[in-house]
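Grab a pencil and open the viewer. Here are some exercises, each followed by a worked solution.

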Amino acid sequence: MTRDLSPATPAQVALAPAGLAAIDAYLQGLVDKGVLAGLVTLTARNGKVARISTLGKKDLATGEPMAADTMFRIFSMTKPVTAVAMMILHDQGLWSPDDPIAKHLPEFANVKVFGGMDATGAVTLHDPDHAPTLRELLTHTAGLTYGRAPMDGLETLYEAADVWRSTDLAEMATKLGGLPLAYQPGTKWIYSLAMDVQGAIIERLSGQSLPDFMRERIFEPLGMVDTAFHTPPEKKPRLATLYRSSVSRGLVALAGNPLLPDHEAPPALASGGGGLISTVGDYARFAQMLLDGGAFAGRRILSVEGVKLMMTNQLSDEMLAQGWGVGKQQIRPGFGYGFNGVVFTDPEAAGIPVGLGTYHWDGAAGTWFWVDPASDLIFVGMVQLLSETAPPLQATTQTLMADAILQEAAA
């Protein structure tokens with residue numbers, strides 16, 4: 001099957017135009033209220049583009065409008081891309097999900113589990129029940145954290161190790177391997193630096209830098225011409241302004257990126273957890289590749305089996321019932337987790353009307369996407385707003401998209 005996201009007629013995508021317009025109306029309403037500066041979205045069904053919408057402004061101060069080729073910091077939407085990079089190496093037989101992390105990063109060979117810190121700063125350590133595995137690394141269950149939130153003193157050890165200011169991924173892996181795990185592997189789901197550790201594994205197994213590997217094995221074959229860990233000077237004018245929400249001042253433009261540096265050249269420390277820049281069209285090619293079982297426009301990136309493994313829930317029912325999560329991604333019955341992204345195992349139980357097996361994730365600045373195999377549909381939304389109180393863009397647009405499908409079916 002060769003599908004390339006060419007433009008479609010309404011009949012080819014079987015989505016009610018009024019339903020798609022309702023999605024735009026919802027998003028435009030948020031722009032009109034000053035909640036968002038602007039957005040770019042892309043909907044594709046049956047392998048063809050149904051709609052690209054550019055709403056609001058790329059920059060409020062200049063009044064420059066959003067455009068289809070506007071570039072965005074996608075933050076944690078980097079994570080599914082890192083999963084694909086890992087799965088390429090899995091297809092080559094270079095790792096297995098049940099491998100200990102230490103098999104590929106010996107820095108993790110003697111890892112311990114954090115047992116608390118007393119008033120003097122003395123740390124209690126325990127042996128792990130088992131060595132953390134790559135499956136656990138790919139599902140935020142290996143025992144790592146981001147090291148920023150209070151965790152009974154563990155965060156001070158992350159800070160003392162200066163994890164975030166490592167010179168490269170190898171150094172970061174060495175630092176993390178020398179720190180205790182936050183919990184016994186496989187017993188909790190805690191958002192973490194796991195995808196950055198995956199980046200170190202990709203570099204170790206491939207012999208390439210993470211930016212080079214992704215460029216050669218993912219971006220160039222897919223035609224993702226504007227996706228990278230940096231924004232070259234000639235493309236910088238296309239980069240959307242990053243905003244934060246202020247109760248008193250509304251949307252406030254940020255002079256720089258407070259979470260990760262904006263780079264003009266490929267960085268030595270490329271964050272597999274949050275460092276990519278992309279466009280709606282580029283990321284749609286990536287999403288369509290997943291929908292089509294690892295191939296896009298005649299180019300195969302992953303095996304069908306590799307995509308299936310990545311987009312299969314890996315968490316037990318007991319784990320799903322514990323209420324872990326991050327932001328708007330709250331793990332729960334029906335709302336599981338595959339490799340580096342959510343997998344819907346029961347949409348009705350999850351409370352969101354997507355197709356069974358839908359895979360999705362989002363990013364810190366509000367970007368979101370989903371791949372719905374049952375509906376043969378992908379959706380990508382791009383925005384630049386750092387806010388803990390941002391509206392539920394993903395869940396709302398998923399609900400509206402379900403309406404668009406039902407309206408067309410009833411027509």
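**Exercise 1. Work out how much of the protein is buried, and how its overall size fits its length.**

Keep in mind that this is a predicted model. Start with burial: buried residues make up 55% of the 411 residues. Next, count the secondary structure: the protein has 14 helices and 20 strands. Now for size: the radius of gyration is 21 Å, close to the 22 Å that the globule rule gives for 411 residues, so the protein is as compact as a globular protein of that length. Along the principal axes, the C-alpha trace spans about 65 × 45 × 40 Å. Then look at the contacts with a separation of 6 or more: 69% of them join residues 24 or more positions apart. Finish on the surface: about 16100 Å² is exposed, with carbon and sulfur atoms supplying 54% of it.

**Exercise 2. Check the span of α9 against what its residue count predicts, then look for a kink.**

Step one: α9 covers residues 210-222, which makes 13 residues. Step two: use 1.5 Å a residue, taken over one less than the number of residues. That rule gives 18 Å for α9, and the end C-alpha atoms sit 17 Å apart, so the two agree. Step three: follow the axis, and you'll find a kink of about 40° centred on Glu-216.

Now the ends. At the N-terminal one, Ser-209 acts as a cap, with a side-chain oxygen 3.1 Å from the backbone nitrogen of Asp-212. Just past the other, Gly-223 takes a positive phi of about 75°.

Last, the packing. The buried residues of α9 include Phe-213, Met-214, Ile-218 and Phe-219. The buried residues of this helix pack against α3, α7, α8, α10, β11 and β12.

**Exercise 3. Decide whether α8 is enclosed or open to the outside.**

Count first: 10 of the 13 residues of α8 are buried, so the helix is largely enclosed by the rest of the structure. Among those buried are the polar residues Asp-196, Gln-198 and Glu-203. Then ask what does the covering: α3, α4, α5, α7, α9 and β15 are included. As for span, α8 reaches 18 Å from first C-alpha to last, close to the 18 Å expected. Right after α8 comes Gly-207, with a positive phi of about 75°.

**Exercise 4. Take two residues from one loop, Ser-271 and Pro-258, and say for each whether it is buried or exposed.**

Place them first. Ser-271 is in the loop between β9 (250-253) and β10 (277-278), and Pro-258 is in the loop between β9 and β10 too.

Now apply the cut-offs: under 20% relative accessible area is buried, over 50% is exposed. Ser-271 has 10%, so it counts as buried. Pro-258 has 54%, so it counts as exposed.

Then list partners, skipping neighbours within four places in sequence. Ser-271 is in contact with Thr-78, Asp-196, Phe-229 and Leu-260. With Asp-196 there is a polar contact of 2.8 Å between the side chains, and Asp-196 is one of the buried residues of α8, which ties this loop back to Exercise 3. Pro-258, on the same count, is in contact with Leu-242 and Leu-386. Pro-258 and Leu-242 are 16 residues apart in sequence, with their C-alpha atoms 9.7 Å apart in space.

Key. Residues are numbered from 1 along each chain as its sequence is written. This is a predicted model: local features need pLDDT of at least 70, side-chain atom pairs count only at pLDDT 80 or more; totals for chains, interfaces and linings use all residues. Side-chain values use heavy atoms; hydrogens and water are left out. Helices (H or I, at least four residues) and strands (E, at least two) are DSSP runs, numbered from the N terminus. The bend at a residue is the angle between axes fitted to the seven residues ending there and the seven starting there. Buried means under 20% relative accessible area, exposed over 50%, partly exposed in between (1.4 Å probe, protein chains only). Contact means heavy atoms within 4.5 Å. A polar contact is a pair of N or O atoms within 3.5 Å; within protein, one must be able to donate a hydrogen and the other to accept it, and residues adjacent in sequence count only if both atoms are side-chain atoms. The radius of gyration is taken over C-alpha atoms; the globule rule is 2.2 Å times the number of residues to the power 0.38. Accessible areas come from the Shrake-Rupley method with a 1.4 Å probe; for residues, only the protein chains shown count as cover.
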